[in-house]
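Subject: A structure for you to look at

Hi,

Here is the structure I promised to pass on. Have a look at it first, then read my notes below with the model open next to them.

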Amino acid sequence: MKDARLRDYLRPIAMSDVERPAGALPLAGGACWFDRVEVLRRGTEPRIVAASDLDAAARDRLCAPRPDFGGLSLDRPRIMGILNVTPDSFSDGGLFLKPEAAVMQARMMASGADILDIGGESTRPGAAEVSVDEETLRTAPVIGALREGGLDLPISIDTRKAGVARAALQAGASWVNDVTALQFDKGMAALVAESAAPVILMHSIATPATMQDDPRYDDVLLDVYDALATRVAEAEAAGIAHDRIAIDPGIGFGKTLTHNLALLQRLSLFHDLGLPVLLGASRKRFIGTIGAEAEAARRMPGSLAVALWGVAQGVQMIRVHDVTETRQALSLWQACTTGGAA
Ligand code: HH2
């Protein structure tokens, strides 16, 4: 039988120079462009072809502006601010466990963020599972208080559990961010389908408790791409509309440093899925390793570098702890590349 994985994968070579050559195509309708595509195939040397050689369907997947996502236009990069209402998150655990502290932090982030991502269970490597009740108790009241206080940014609930997501949506959350791409809780796909909520499908393998135990891939880039393509097809089969799905390669989730770098270097491949791409690398371990900084809270400079790299690869959303600093960095990146402010 023919191996479906033996196919061409198209990676637009993302550029952000202010001048574009004739024939340059917009990357996913955003500020980046491309005029060459790297063609990847398992077991074969990559080759580079001109963008003008693409067929109409591939051209459309790579170039078409992504529709608004949950009410947010994606014509410019968007910042998702992280709020972990947990005692044990790897970089801010315990800081915002008290509802008042969480609400204050969310309000501070709201001035620079486009989306707030609120989570009540750490997914750091080795983390233990939290019950639905406990996770709901941590997140829903904070979301409710923010809405009562008039906050009108999109709020995503970072959970792998349908019960937690349901309570969060009732309390005023607008998106679901599932680090298991609807795999952990079999009720999650139905919940997302029946709500009007957009969903972020992130790639991960195994559970946080075991995911860093010697993760292996044939080809991490193409395996993650295929897994996300499957998850997207399953989500659509469950009744979730295509334009309500964004994807995320899941940096650090069942990935070694080498895996993370392979994904980051060829990040623009994920545009070939024709969906908005989110990148979450903020303060993660590989930044500490390469940047020689053991303390996660001091990894902001390295996190900015990776966030801007993601933006230069055309990703539409970046998930970060340091919202104000990322906003400043992004404004400067945009001023240099397009002359426009963020
Ligand atoms: N990373 C974390 C949690 N949720 N969601 C998406 N879509 N992408 C990510 O990369 C991602 C995520 C882990 O980071 P953090 O929330 O800061 O830590 P913890 O899981 O320890 O709370």
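Let's start with the second largest cavity: β12 (278-280), α9 (300-312) and β13 (317-320) each supply at least two residues of its lining. This is a predicted model, by the way, so keep that in mind as you read. Which element gives the most to this lining? That's α9, with five residues. The second largest cavity has a volume of about 90 Å³, and 15 residues line it. If you want to find its centre, look for Ser282, Ser303, Ala307, Arg319 and Val320, which lie nearest. Sorted by class, the lining has eight nonpolar, five polar and two charged residues.

In total there are five cavities of 30 Å³ or more. The largest cavity comes to about 120 Å³. It has 14 lining residues, and the closest to its centre are Gly30, Ala31, Pro77, Gly314 and Val315. Nine residues of this lining are nonpolar, three are polar and two are charged.

Now for the domains. The domain assignment splits the chain into domain 1 (4-63) and domain 2 (78-338). Their centres, taken over C-alpha atoms, are 26 Å apart. Where the two domains touch, 18 residues of domain 1 and 22 residues of domain 2 take part in the contact. Where does the largest cavity sit relative to the domains? Domain 1 and domain 2 both give residues to its lining, so the largest cavity lies between them.

The second largest pocket has a similar story to tell. Domain 1 and domain 2 both contribute to its lining too, so the second largest pocket lies between them. It holds about 150 Å³ of space. You can pick out its lining by eye: Leu40, Arg41, Arg42, Thr44, Pro46, Asp219, Leu221, Leu222, Ala262, Gln265 and Arg266. At least two of the lining residues come from each of β4 (36-41), β5 (44-50), α6 (220-237) and α7. By class, this lining divides into five nonpolar, two polar and four charged residues.

β4 and β5 are worth another look, as they turn up again in a sheet. The sheet is open, has three strands in the order β1-β4-β5, and pairs them antiparallel. Why is one side of β1 (9-12) and of β5 left without a neighbour in the sheet? Both strands stand at the edges and have a single partner strand each, so one side of each stays free of a neighbour there. On average, neighbouring strands of this sheet are turned by 25 degrees against each other, direction ignored. β1 and β4 run antiparallel and are joined by four bridges. One spot to check is Tyr9, which stands opposite Leu40 in β4. Leu40 should look familiar, as it is one of the residues that line the second largest pocket.

Last stop: the largest pocket, with about 580 Å³ of space. Of its 33 lining residues, Phe90, Arg124, Pro125, Gly252 and Lys284 are the closest to its centre. The elements that give two or more residues to this lining are β6 (78-84), α7 (257-265) and α8 (285-290). The largest share comes from α8, with three residues. As for classes, eleven of the lining residues are nonpolar, 13 are polar and nine are charged.

Have fun exploring, and shout if anything is unclear!

Cheers

Methods: Residues are numbered from 1 along each chain as its sequence is written. This is a predicted model: local features need pLDDT of at least 70, side-chain atom pairs count only at pLDDT 80 or more; totals for chains, interfaces and linings use all residues. Side-chain values use heavy atoms; hydrogens and water are left out. On a 1 Å grid over the protein atoms alone, a cavity is a set of points where a 1.4 Å probe fits but cannot get out, and a pocket is an open set with protein on both sides within 12 Å along at least five of seven lines; lining residues have an atom within 4 Å of a point. Grid points are joined across faces, edges and corners, and a volume is the space filled by probe spheres set on the points. Ala, Val, Leu, Ile, Met, Phe, Trp, Tyr, Cys and Pro count as nonpolar, Asp, Glu, Lys and Arg as charged, and the others, Gly among them, as polar. Domain bounds come from an automatic or database domain assignment. Two strands pair if DSSP finds at least two bridges between them. Axes are lines fitted to C-alpha atoms, for helices over the stretch in contact, and angles run from 0 to 180 degrees between N-to-C directions. Contact means heavy atoms within 4.5 Å.
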